[in-house]
Each structure stands twice: as structure tokens, then as C-alpha cells.
Amino acid sequence: MKDATARTTYLHDYRPPPFTIDSTELDFDLYETHAVVQARLQFRRNPDFGGVDEDMLILHGRELVLEELRLDDRVLEAADYVLEEESLRIPKLRSLAQDGSDRFTVYCRTRIEPQNNTALEGLYKSRKMFCTQCEAEGFRRITYYLDRPDVMSKFTTTVRAEREKYPVLLSNGNCIAEGECEDPARHWTTWEDPFPKPSYLFALVAGDLVSLDDRFTTSSGREVQLRIFVEPRDLDKCDHAMVSLKKAMRWDEEKYGREYDLDIFMIVAVDDFNMGAMENKGLNIFNTSCILANSATQTDWAFQRVEAVVAHEYFHNWSGNRVTCRDWFQLSLKEGFTVFRDSEFSADMNSRSVKRVQDVAFLRSVQFAEDSGPMAHAVQPDSYMEISNFYTVTIYEKGAEVVRMISNLLGPERFRAGTDLYFKRHDGQAVTIEEFVNAMEDASGVDLKQFRNWYRQSGTPVLEIDGFHDAERQRFELRVRQSCPPTPGQEIKVPFHIPLRMGLLDPAGREIPLRLQGEPAAVGKDRVLAVTQPVETFVFEDVAEPPVASLLRGFSAPVRLKYDYTPEDLLFLMSNDSDGFNRWNAGQELALMLMRELQEDFRGGRKLALPKILREAHRNILAEAVDAGAEADRAMFAELLRLPAESFLIEQADIADVEAIHAVREFLLDGLAESHRNLVADLFESIPATGAYRADAESIAARSLRNLALSALVRSGEKDWLELCLRQFEQANNMTDQLAALQILTHSRAGEGVYQAALAQFHEQWRGEPLVVDQWFSLQATRPHPGALAQVRELLRHPDFEIRNPNKVRAVIGAFCGQNHVNFHDASGSGYEFLGEQAMQLDAINPQIAARLITPLTRWRKFDSGRQQMMREQLSRIGDRDGVSRDVSEIVVKSVG
Ligand code: PHE
Ligand code: ZN
């Protein structure tokens with residue numbers, strides 16, 4: 001393997017910085033061929049450094065051309081400093097600085113080439129505009145700096161550029177001056193951000209942009225100007241983001257007492273972006289996919305994603321910006337907490353139980369997979385090679401689950417007291433996860449000592465539970481065993497504090513009052529047991545008949561639960577559990593159990609038969625959905641009717657047989673559609689087609705259930721339904737219905753004869769809308785039929801495909817390798833080879849994207865030995881490339897050892 005991974009950073013090596021930077025004055029001259037950056041930095045010795053006074057100043061910097069360097073008033077000669085690939089050192093500060101080096105200024109002029117920056121980190125060009133991405137370590141590609149989050153500085157930024165091409169020049173904070181340059185074709189603006197911030201929150205934008213403008217009055221009566229900047233063609237797609245932003249601002253005031261603090265809040269949408277969005281102070285930068293929403297061009301899913309991401313970035317203003325991270329090992333301090341905040345926001349704006357179901361389904365298929373693979377790491381990792389690789393589902397989603405557990409353990413009032421204390425105590429500071437937990441403990445009096453293991457230990461804990469009913473004593477015992485499998489670098493685990501929410505149902509489906517042994521009386525019917533030991537038993541009194549246990553309600557902890565349910569128990573829970581989440585979960589467990597058996601049949605070459613109990617379960621849900629009509633939470637019914645996703649089935653298997661998984665799932669979808677065609681038709685017809693489009697939760701739910709029904713009806717093979725689907729495709733007045741119809745045509749057997757024409761028509765209709773074209777790419781890349789890879793290779797040559805645009809890469813290569821399981825895992829290894837070749841090409845262009853893209857290969861342990869070997873071969877090949885990036889190299893080294 002190449003030695004790009006030589007550098008590992010360890011949490012235990014953390015030291016405060018020897019210097020801090022009180023003020024940062026930046027000056028940008030932007031041209032088509034280069035940019036000149038001048039930085040004036042006021043340094044001061046850090047009183048909290050603790051060590052012996054440093055005589056050396058070490059600044060971070062990468063891919064910069066240094067043109068001039070001054071210390072105080074003195075121009076430094078080449079002999080005064082040392083330039084290395086990622087740093088600039090000034091060894092003899094004391095002799096060079098004017099007043100003995102306690103306070104000094106550095107002036108530095110560097111030259112960079114934004115137009116050639118394809119990594120999309122630092123200052124780069126996205127189509128015709130300039131923009132920045134500094135988190136985590138991108139600022140060092142702009143100028144030499146102490147590019148670490150515990151150095152917080154006041155920024156003043158001047159931007160100069162040609163007026164015609166770049167009429168809009170933005171940076172963080174307030175615009176304090178603007179004018180014309182000496183060259184009358186150029187102009188400038190100066191921005192000042194009054195809040196000290198780490199460099200990763202710096203942002204700059206220059207472009208030919210238009211804006212949607214609005215205002216917001218904060219709870220204390222301050223007026224805030226809101227501006228969303230986009231390219232002119234997208235101005236009609238900003239309303240939903242603006243509405244979402246105002247909702248988020250109000251919600252954060254009401255739920256957390258957090259007010260916005262600047263006079264202006266800006267969002268800019270860019271086409272080329274590695275992630276979803278970025279919370280730069282006062283100037284969020286968004287991937288267009290997370291900001292644009294218009295019913296003609298975006299689906300309901302996109303509307304909900306925009307609402308969630310706008311809120312997420314806005315919430316960072318407090319959880320991330322006002323209180324930031326001391327170092328990147330604390331990343332989940334801001335991300336886990338902020339994901340928890342945005343998911344609660346979405347739950348409040350839409351259906352709470354559906355939001356929970358979706359979050360858990362995602363966590364269990366994606367985060368559990370990460371946690372059992374070679375890249376498993378704790379919510380607070382203890383080392384990394386490349387920090388960009390640690391923006392993971394573990395940091396984000398598992399981190400959010402950990403905060404959710406704290407919020408449940410404390411209850412709403414004490415949790416609010418905890419967050420109030422945290423924000424008050426640490427406003428303006430860069431802190432650690434430990435300080436967050438301390439604030440929670442101090443405000444609530446709840447002991448979280450053992451709970452902290454959730455932050456330190458990686459891997460998904462397993463809860464094995466057995467239930468025993470003692471008829472004579474009228475007792476029910478739950479024997480609980482917890483364990484956690486070994487993960488890289490963590491062979492042995494100590495027990496977690498696992499909050500286990502549960503209830504007991506009597507044979508009539510009623511909730512039994514819960515009295516634990518030793519308690520004088522029952523305490524409610526729904527309780528949280530604190531599981532803290534490797535093995536422990538909970539004894540419930542007054543349980544006359546054998547109950548059915550409803551365990552881990554609401555998914556009260558991110559664990560794997562093992563309990564010996566019979567299919568009948570699960571069917572019973574599906575219809576009787578008072579916990580909506582567990583009703584859904586029982587359905588998933590039932591399907592999972594039956595699908596496993598069918599996979600065995602498939603492998604043994606036996607004929608598959610539709611299990612009666614599954615048919616019955618689906619009939620119950622369908623009947624209920626028809627009866628409940630418009631009153632019901634239709635989105636929840638859609639979730640109840642969905643079979644577990646292939647990605648979840650793969651994660652749940654020890655060794656996944658992708659062909660069997662796919663075949664069985666398709667068999668069940670066909671079988672269920674066939675046996676319930678009349679009920680499904682009733683359901684479909686009971687839901688009115690979309691009239692005037694509305695993006696409220698109720699309309700979204702109706703569309704999702706109706707389109708699910710339509711897909712089953714088309715599957716049943718009747719021509720009328722296929723025609724109806726075609727008509728919906730042609731006549732829909734919104735992208736959700738149109739794309740749902742196109743997906744059915746493209747992915748179903750019934751659509752075989754018509755899908756190509758439909759795809760061509762769709763492209764013709766939407767070729768001018770890049771985000772719609774992405775959808776069009778994905779639909780084809782995820783087509784489960786044989787021959788998909790050839791199709792994907794063709795898509796790569798399509799004029800609309802751009803390898804430099806991350807959204808396009810994700811839509812074609814990412815979708816094929818990450819979602820088209822049968823084709824990616826084709827026994828020939830062609831899918832793996834394809835990813836190998838694409839990843840190598842991409843690594844030279846955009847290492848962050850390349851590193852993310854190879855995730856499917858890192859899951860090799862899940863597959864048979866033949867596939868394992870082929871997957872590892874591709875990983876090694878990728879890792880052996882001359883010039884392999886640190887990003888990709890870390891993943892390869894950790895995955896193949
Ligand atoms: N901090 C961003 C968020 O989660 C994500 C991000 C990380 C964006 C790194 C760009 C680069 O809100
Ligand atoms: Zn975030």
C-alpha cells in the first residue's frame with residue numbers, strides 16, 4: 001500500500017494551541033486564472049497553552065503558492081521560514097517579532113487556482129461562481145493559518161472581482177462597505193463577522209446570483225433579513241426553503257430558547273458540492289439538491305429533505321457555531337446533537353411516528369453496517385488519518401440516537417435545563433462532548449457515568465432477552481443479556497447503560513400494569529428499564545396469563561434485539577401494540593423471519609410459497625387503511641406495507657446471498673400484489689389523485705400510499721393498471737407522481753415494453769433541470785434487471801454526465817454500487833471491477849467523493865468467499881494507485897488490513 005496514510009491523529013495527543021488569532025483580515029482578488037489572497041493575522045500567545053513558551057510558529061497550508069510573508073513589519077526571507085507540503089514554520093519567533101513575540105502580526109500573500117480545484121475543498125468554482133468549503137480542513141487551502149476549531153477569531157473579509165460576471169460578493173456577517181475598484185470593471189465588498197469563529201466556518205461566494213428575500217422578527221423583536229441566493233433559473237424553487245427556514249427559526253426559539261444573532265442570514269445554492277450543506281456563520285452554502293424545491297421538478301421526498309437540511313444548518317448556529325468543537329474528535333458534539341434537533345423538528349412538522357420509522361430504518365441498514373465493518377468507530381473516535389472520512393452515519397445518526405437517549409433519560413424539562421446550561425456555560429467556546437454530558441448531569445442531577453460508554457465504544461450492542469411466565473406465582477420474568485461484538489481496536493467491551501422501553505400485552509391485547517418485584521404498586525403500563533449489567537433479570541408481578549412482550553418501544557436504544565417471537569406473536573403485536581413504532585417493527589420482523597426461510601428454499605431449489613401469515617398481515621393493514629380513509633396517517637400505512645429493504649436484509653444476514661434476497665423479495669411483492677389485488681385497488685381508489693399540489697404532510701402521505709398501491713397494481717399484470725400508470729406519467733402535475741410512475745415503468749416487468757420510450761420522453765421534458773436529470777440517471781442505474789451495468793457504462797458517456805459534479809457521480813455510480821445490489825454483486829465480479837476503475841479515476845479528481853464511493857467494497861465480510869476475494873482485490877488495486885489520496889488510502893488500509 002502507498003504511504004499516503006503515514007499521518008494518524010490521536011485524541012490523546014490533543015494540546016491547546018500555543019497561539020491564538022484575535023483578528024483575521026482577509027482580502028481576495030478573484031480572477032479567471034487565479035486568485036490572490038492576502039491575510040493579516042493578529043496573533044497572541046495562548047494563556048491556556050500550558051507548555052513551555054513556543055519559539056516556533058507552525059501554520060497549516062496546502063497547495064498554496066506563497067508570494068510574500070511578513071512578521072510585524074519585517075519581510076521574511078526564505079531562510080526565516082520552512083515550507084513543507086502541509087505547513088509553514090517560522091522557527092525563531094523571538095528574534096523576528098518586534099515585542100518579544102507575545103503579540104505579533106503575520107501578513108501573508110498567497111496565490112491559488114480556484115478554477116482547477118476539483119476536490120471542492122477550499123476556494124473553488126462551481127460552474128460560473130466562486131464559493132468555498134472549509135470544514136473540516138479546507139481553510140488551509142486558502143491561506144496559511146491555525147486551521148483548527150479551537151482557534152476562534154474575528155473575521156473581516158474583502159472580496160474583489162469583475163462586476164459583470166460576479167455582481168454578488170458575499171462573506172460571513174454584515175456587509176460594512178462596498179465600492180468600485182481602480183479598474184472600473186471590478187468592484188468590491190467588505191464583510192465583518194462580529195462573532196469569533198473557527199476557520200472552518202469561514203465562507204465566501206462570488207457570482208451572478210439572484211435572491212429570494214424575506215424577513216423574520218425574533219422573539220425579542222429583532223428584525224433579521226433572510227436571503228436565499230440561486231442562479232436565475234432557480235428563483236422559482238426557493239419558496240419552500242424560505243418557509244422551512246422561518247419555521248426552523250421559530251421552532252428553535254420555542255423548543256430551545258435559541259434566537260438568531262446577526263442582522264442577516266444568507267443561504268447560497270451551488271451545483272458542485274461534496275456534501276448536503278454547510279453551516280458557515282450567517283452564510284450557509286447548500287448543495288442545490290438540499291435547497292431547491294418546486295412541485296414540478298422535485299419530489300415530496302426532496303421537499304422533506306429540504307425542510308430537514310435547512311433546519312439542520314440553521315440549528316448549527318447554536319449547536320456548532322456559538323458553541324463549537326474543541327477538535328475533530330468532538331465532531332458528534334455538533335453533528336449528533338444537531339441531527340437530533342432536526343429530526344425532532346421534522347417530527348413536529350410532519351408525522352412523528354413516520355419520521356421515527358424512517359430514521360430507524362436508515363440507522364439499521366446503514367449505520368449498523370458501518371458498525372460491524374472495518375471502519376467501525378466510536379461516536380467519539382480516538383484516532384483518524386483523514387478527518388473527512390469521519391463524517392459518517394456513526395457520528396451523525398448514532399450520535400443523534402445517543403442524544404435522544406439522554407433526552408429520554410432526563411425527560412423534557414430536565415433536558416431543556418441541560419441544553420440551556422450547556423449553551424450558557426459554553427457560549428463562544430470550543431468544547432468537548434464531555435462538557436456537553438457534564439452540563440446534562442449538572443442541570444438534571446441524573447448520573448450519566450456509565451452512559452458515557454456510548455460515546456467511547458464502537459459496535460452495536462446486542463440485547464438477548466428471554467421471557468418466562470410462571471403461572472403459579474403470576475409472574476413474568478425478562479432475562480436480559482447484553483454484549484457487544486469486538487470492533488477494530490476494541491476487543492473487549494464494558495456494559496452499556498441501555499434504556500429499554502417496554503410494555504406487556506395480555507392475550508386480549510390490553511396493556512398490563514407493570515409492577516416490578518419489590519414495588520408496592522404498578523407504575524404505568526409503559527416503562528423504561530435501565531439495563532446496566534451483562535446479565536440481569538426483571539420480574540413483573542401480577543401477570544396472570546402469558547403476555548406478549550413489547551420491547552424496545554420507539555427504538556429506545558440503538559441495539560440489536562433478539563427475542564424468540566413466534567410469527568403469531570408478531571402478528572399480534574402488529575395489530576395490538578399501543579406503540580406505533582413497535583407495530584411497524586413487528587411487521588418488519590415478521591417479514592424478515594419469513595424471508596429468511598424463503599431464502600433457504602430458494603437456495604435449495606425448492607418452489608417458493610407465499611406464507612399465509614404474511615398474506616394475512618398485509619390483508620389486515622390494507623383493510624384498515626381502506627376503512628380509516630383520509631383520517632388515517634397514510635404515510636404510516638405505506639411504511640407498514642413496505643417490505644424490508646434489500647440493504648436491511650443484507651445487513652441482517654451473516655453471509656448475504658444477494659440473489660436469494662432479491663428473488664425472494666420480488667417473489668413476495670408479486671405474490672402479495674396478486675393475492676390482494678382487489679383490496680389494493682380499493683385502497684388506490686379511496687385516495688384522490690393529487691389536485692392542486694400541496695406539500696403538507698397529509699398530501700405527501702396520500703401520494704406515497706397511492707403510489708405504493710399503484711406499483712402493486714401494475715405488478716399484478718393487468719393491462720388497465722399499466723395504462724393508468726402511463727397516464728399518470730404523462731399527465732401528472734407534480735414530480736412525485738410523475739417519477740413514481742416512471743419508476744414503476746422502469747423497474748417492473750410489466751413496464752418492459754414501454755419504459756424506454758418513457759425514459760426518453762422524460763429526458764426530453766426535463767433536460768434543462770440538472771436535479772431532475774439526476775433522478776433520471778438514478779432510475780436507470782438502480783434498474784434491477786440483467787444488463788444494468790452496460791446501461792450504466794453508457795450513462796457515463798451521456799452528454800449530461802459530468803464526473804466533476806458529485807451529484808452526478810452519486811446518481812449514476814453511487815446509485816448503481818450502493819442500491820442496485822443484484823447487479824453490483826453479480827457473481828462475475830464485473831460490478832466490483834467497475835467500481836474499482838471508477839474510484840481510481842475519481843480519486844485523482846475528488847478524493848472525498850472517491851473515498852465515500854468505495855464504501856460498498858468495504859462490506860466484503862458480508863459476502864461469500866469468492867466475492868470477498870474479488871472485492872478485496874479491487875480495494876487493493878484502488879489503494880495501490882500512484883498518487884492515491886489520504887482519504888482513499890485510509891479506507892483501503894483499514895478494510896483490507
Ligand atoms: N457540517 C455539515 C453539516 O452536517 C456537513 C459538511 C461537512 C459539509 C464537511 C461540508 C463538509 O451540516
Ligand atoms: Zn451538521
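**Buried sites, cores and backbone of a predicted model**

Colleague: Is Asp-72 buried or exposed?

Modeller: The relative accessible area of Asp-72 is 11%. Under 20% is buried, over 50% exposed and anything in between partly exposed (1.4 Å probe, protein chains only). Asp-72 is therefore buried.

Colleague: On what basis are such values given?

Modeller: This is a predicted model, in which local features need pLDDT of at least 70 and side-chain atom pairs pLDDT 80 or more, while totals for chains, interfaces and linings use all residues; side-chain values use heavy atoms, without hydrogens or water. Residues are numbered from 1 along each chain as its sequence is written, with chains lettered from A and ligands numbered from 1 in the order in which they are written.

Colleague: What is the phi of Asp-72, and where does the residue lie?

Modeller: Most residues other than glycine have a negative phi. Asp-72, although not a glycine, has a positive phi of about 50 degrees. Its place is in the loop between strand 5 (65–71) and strand 6 (74–75).

Colleague: Which residues does Gln-98 touch, beyond those up to four places away in sequence?

Modeller: Gln-98 lies in the loop between helix 1 (93–96) and strand 9 (103–112), and at 53% relative accessibility it counts as exposed. Contact here means heavy atoms within 4.5 Å. On that basis, Gln-98 touches Asp-72 and Asp-73.

Colleague: Is Leu-552 buried or exposed?

Modeller: Leu-552 also has a positive phi, about 55 degrees, although it is not a glycine. Its loop runs between strand 31 (548–551) and strand 32 (560–563). At 4% relative accessibility, Leu-552 counts as buried.

Colleague: Which helix gives the most to the largest nonpolar core?

Modeller: A nonpolar core is a set of buried Ala, Val, Leu, Ile, Met, Phe, Trp, Tyr and Cys residues joined through side-chain atoms within 4.5 Å. The largest has 240 residues, of which Phe-436, Leu-478, Phe-540 and Ile-813 touch the most other members. With nine residues, the greatest share comes from helix 11 (residues 580–603).

Colleague: What is the radius of gyration of the protein chain?

Modeller: The chain holds 29 helices and 32 strands, counted as DSSP runs from the N terminus (helices H or I, at least four residues; strands E, at least two). The globule rule (2.2 Å times the number of residues to the power 0.38, the radius being taken over C-alpha atoms) gives 29 Å for 897 residues. The chain comes close to that, so it is as compact as a globular protein of that length, with a radius of gyration of 28 Å.
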